[in-house]
Amino acid sequence: MQDLIQQLPARARDEQAANKKYFQKLAQKKPKKLDETVLELHEEVFEEIDCLACANCCKTTSPIFRDKDIERIAQHLGMRPAAFVEKYLHLDEDGDYVHNGAPCPFLGYDNYCSIYEVRPKACREYPHTDRKQIYQIGKLTIKNTEICPAAFEIVKRLREALPL
């Protein structure tokens, strides 16, 4: 798995132009079986890839924390929301709250999340490859192929399953 994770950014960059072109065509054509195919591929790939063996998303990036996330997690940790923000978060260039650094401070040595039950919505939905109308988040999906082996594989298989 480590070799795959190390090779992933280069592999994703190699496919970036083709993926970008594919998502542009996908947005134009909107195949009828797109949502069904994406969901099937998502489930198929996540049967093969174990997030706990990887955790690259938690090791390299930060989710966006919405106010509801901050309140829920702070309560879980027995903190005031302002204290949680002060200790763990900062505003990024887009004005979103994100972690102060990587890896995620809640990621354990065993790749388990210590706040899994109350994790941010962005973590629960990552890598967003089971969404309907995936063409609407093409840029995000392509970016996620650099981080998430499952996202990379889903996009690869989607291009094969629905050639445009």
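A salt bridge, as used on this tour, is a side-chain nitrogen of Lys or Arg within 4 Å of a carboxyl oxygen of Asp or Glu. Keep that in mind for a stop further on, where E44, E48, E153 and R157 are linked in a network of such bridges. The model on your screen is a predicted one.

**The whole chain**

Start with everything shown as a cartoon. You should find nine helices and two strands. Colour from the N terminus and follow the order of elements: α-α-α-α-α-α-β-β-α-α-α. The radius of gyration is 17 Å, close to the 15 Å that the globule rule gives for 164 residues, so the chain is as compact as a globular protein of that length. Turn the model along its principal axes, and the C-alpha trace spans about 50 × 35 × 25 Å.

Now switch on the surface. Its accessible area comes to about 10000 Å², with 49% of that belonging to carbon and sulfur atoms. Of the 164 residues, 38% count as buried. Among contacts with a separation of 6 or more, 70% are between residues 24 or more positions apart.

**First core: α1, α2 and α9**

Hide the surface and select Y22, F23, L26, L34, I134 and L158. These are the residues with the most contacts inside the largest nonpolar core, which has 19 residues. Which elements give two or more residues to this core? They are α1, α2 and α9, and α9 provides the largest share, five residues.

Click on L34 next and display what surrounds it. Leaving aside neighbours within four places in sequence, L34 is in contact with L26, I134, Y135, L158 and L162. As a general point, nonpolar side chains in soluble globular proteins tend to be buried together.

**Salt bridges around α9**

Stay with helix α9 and bring up the charged side chains. The structure holds seven salt bridges, and two good ones to visit start from arginines here.

Select R159 and E15 first. Their side chains meet in a salt bridge, 2.8 Å from N to O. R159 sits in helix α9 (residues 149-161) and E15 in helix α1 (residues 2-29), so you are looking at a link between distant parts of the chain, 144 residues apart. Are these two partners buried or partly exposed? R159 has a relative accessibility of 26% and therefore counts as partly exposed; E15, at 29%, counts as partly exposed too.

Then move to R157 and E44, whose side chains meet in a salt bridge at 2.6 Å, N to O. R157 lies in helix α9 and E44 in helix α2 (residues 34-48), so the pair ties together parts that are 113 residues apart in sequence. Here the two partners fall into separate classes: R157 counts as buried at 15% relative accessibility, whereas E44 counts as partly exposed at 37%.

With R157 and E44 still selected, add E48 and E153. This is the network promised at the start: salt bridges link E44, E48, E153 and R157.

**A bridge inside α5**

For a salt bridge within one helix, select R72 and D69, where the closest N and O atoms are 2.7 Å apart. Both residues lie in helix α5 (residues 67-77), three residues apart, about one turn of the helix. Check the accessibility of each: R72 is partly exposed at 26%, while D69 is buried at 3%.

**Aromatic rings around F106**

Now show the aromatic side chains. Five aromatic pairs turn up across the whole structure. Zoom in on F84 and F106, a stacked pair with 6.3 Å centre to centre and 15° between the planes. F84 is in helix α6 (residues 81-88), and F106 is in the loop between β2 (97-99) and α7 (121-125), 22 residues away. Both F84 and F106 are buried.

Keep F106 and swap F84 for Y88. This pair is tilted, at 4.8 Å centre to centre and 45° between the planes. Y88 belongs to helix α6 as well, and lies 18 residues from F106. The relative accessible area of Y88 is 17%, which means buried; F106 is at 6% and also counts as buried.

Bring back F84 and add F65. Ring pairs link F65, F84, Y88 and F106 into a cluster.

Definitions and conventions
Residues are numbered from 1 along each chain as its sequence is written. This is a predicted model: local features need pLDDT of at least 70, side-chain atom pairs count only at pLDDT 80 or more; totals for chains, interfaces and linings use all residues. Side-chain values use heavy atoms; hydrogens and water are left out. Helices (H or I, at least four residues) and strands (E, at least two) are DSSP runs, numbered from the N terminus. Buried means under 20% relative accessible area, exposed over 50%, partly exposed in between (1.4 Å probe, protein chains only). A nonpolar core is a set of buried Ala, Val, Leu, Ile, Met, Phe, Trp, Tyr and Cys residues joined through side-chain atoms within 4.5 Å. Contact means heavy atoms within 4.5 Å. The radius of gyration is taken over C-alpha atoms; the globule rule is 2.2 Å times the number of residues to the power 0.38. Accessible areas come from the Shrake-Rupley method with a 1.4 Å probe; for residues, only the protein chains shown count as cover. Rings of Phe, Tyr and Trp (its six-membered ring) pair if their centres lie within 6.5 Å; planes under 30 degrees apart count as stacked, over 60 as edge-to-face and the rest as tilted.
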